[in-house]
Amino acid sequence: MKTLIQTISNLFFKKEKVDLKKFPEESLPEYNGKVEVDKYMEIDYIGVKDSDDYLFKTPSEILKILNNKMLFWVDQKNNLLGFSDSKRSKLFILTDIKGFEIQNMLPAKGSGRAFLSVGLSNGKFYEISEGEVYTFDKYAEEISKITGIAVTFAPEYYNC
């Protein structure tokens with residue numbers, strides 16, 4: 001009897017499955033602090049990695065200078081570092097950043113990828129974007145120049 005009631009109930013009141021790991025842009029928190037970009041660079045459009053941490057709607061100040069690419073930017077006055085696309089931004093406290101890491105996963109049985117991560121003073125690394133193999137290599141020097149923070153390359157490995 002219980003399963004019959006559940007079956008009838010499901011016919012009339014279907015429950016939508018919600019993937020909590022996907023972040024619809026409308027559910028992202030807004031960053032309410034000031035943003036004054038001092039330095040920035042465009043990165044070929046790849047996109048900002050979804051995650052539970054440090055993810056916000058892209059501030060309107062960034063949308064004004066964004067040009068259909070990913071924007072890597074520094075706001076020294078407000079102690080911010082951001083990685084933004086047209087919908088979402090990863091925002092970090094600039095003085096908490098200890099380094100950046102680029103890692104390339106070479107194609108083997110699976111496809112290849114590249115990962116750009118930020119290392120914080122708490123010892124944790126957070127992936128901020130991913131793209132095709134060697135995508136971020138060409139930006140390493142400029143990232144270091146803009147931030148004054150070292151960019152390291154983690155050892156490459158094969159996607160086996």
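Helices here are DSSP runs of H or I with at least four residues, and strands are runs of E with at least two, numbered from the N terminus. With that settled, I opened the predicted model and started my notes.

**Entry 1: the overall layout**

I went through the secondary structure and found 3 helices and 10 strands. Reading from the N terminus, I wrote down the order as α-β-β-α-β-β-β-β-β-β-α-β-β. I then looked up burial, and 38% of the 160 residues are buried. The exposed surface comes to about 10000 Å², with carbon and sulfur atoms supplying 52% of it. I also checked how far contacts reach along the chain: of those between residues at least 6 apart in sequence, 62% join residues at least 24 apart.

**Entry 2: the open sheet**

Which strands sit at the edges of the open sheet? I traced 5 strands in the order E1-E3-E4-E5-E2, with antiparallel pairing. The edges are E1 and E2, as each of them pairs on one side only. From one strand to the next, I noted an average twist of 25°.

**Entry 3: strand E3 and its partners**

I stayed with E3, which covers residues 70-75, and found 6 of its 6 residues buried. Met70, Phe72 and Val74 point one way, while Leu71, Trp73 and Asp75 point the other way. I was pleased to see Asp75 on that list, since I wanted to know whether it was covered, and Asp75 is buried too.

On one side I followed E3 to E1 (residues 39-43), an antiparallel pairing over 5 bridges. Two of the partners went into my notes: isoleucine 43 bridges to methionine 70, and tyrosine 40 to tryptophan 73.

Then I turned to E4 (residues 80-84), which runs antiparallel to E3 and is joined to it by 5 bridges. Here valine 74 stands opposite leucine 81. The two strands make a hairpin with 4 residues between them. In that turn I found asparagine 79 with a positive phi of about 60°.

**Entry 4: the nonpolar cores**

Which residues have the most contacts inside the largest nonpolar core? That core has 25 residues, and my list reads Phe72, Leu81, Phe83, Phe92 and Phe100. I then sorted the core by element: E1, E3, E4, E6 (97-106), E7 (113-120), E8 (125-131) and helix H3 (140-147) each supply at least two residues. E7 gives the most, with 4 residues.

Phe92 caught my eye, so to speak, and I listed its contacts beyond four places in sequence. They are Tyr54, Asn79, Leu80, Leu81, Phe83, Ile97, Val118, Leu120, Tyr126 and Ile128. Asparagine 79 of the hairpin turn is thus among the contacts of Phe92.

I also found a second, separate core of 7 residues, including Ile62, Leu66, Leu71 and Leu80.

**Entry 5: aromatic pairs**

How many aromatic pairs does a search of the whole structure find? I got 7. I took a closer look at two of them.

Tyrosine 31 and phenylalanine 56 are edge-to-face, at 5.9 Å centre to centre and 80° between the planes. Tyrosine 31 is in the loop between helix H1 (2-12) and E1, and phenylalanine 56 is in E2 (residues 55-57), so this pair ties together parts 25 residues apart in sequence. Tyrosine 31 is partly exposed, at 27% relative accessibility.

Tyrosine 54 and tyrosine 126 are also edge-to-face, at 5.0 Å centre to centre and 75° between the planes. Tyrosine 54 lies in the loop between E1 and E2 and tyrosine 126 in E8, so the pair ties together parts 72 residues apart in sequence. Is tyrosine 126 buried or exposed? Its relative accessible area is 16%, under the 20% cut-off, so I filed tyrosine 126 as buried. Tyrosine 54, at 31%, counts as partly exposed.

I noted one aromatic cluster as well, made of Tyr54, Phe72, Phe83, Phe92, Phe100 and Tyr126.

**Entry 6: proline 29**

Last, I looked up proline 29, placed in the loop between H1 and E1. At 42% relative accessibility, proline 29 counts as partly exposed. Beyond four places in sequence, its contacts are Leu55, Phe56 and Lys57. I also checked threonine 58: it is 29 residues from proline 29 in sequence and 9.5 Å away in space, C-alpha to C-alpha.

Methods. Residues are numbered from 1 along each chain as its sequence is written. This is a predicted model: local features need pLDDT of at least 70, side-chain atom pairs count only at pLDDT 80 or more; totals for chains, interfaces and linings use all residues. Side-chain values use heavy atoms; hydrogens and water are left out. Buried means under 20% relative accessible area, exposed over 50%, partly exposed in between (1.4 Å probe, protein chains only). Two strands pair if DSSP finds at least two bridges between them. A nonpolar core is a set of buried Ala, Val, Leu, Ile, Met, Phe, Trp, Tyr and Cys residues joined through side-chain atoms within 4.5 Å. Contact means heavy atoms within 4.5 Å. Rings of Phe, Tyr and Trp (its six-membered ring) pair if their centres lie within 6.5 Å; planes under 30 degrees apart count as stacked, over 60 as edge-to-face and the rest as tilted. Accessible areas come from the Shrake-Rupley method with a 1.4 Å probe; for residues, only the protein chains shown count as cover. Axes are lines fitted to C-alpha atoms, for helices over the stretch in contact, and angles run from 0 to 180 degrees between N-to-C directions.
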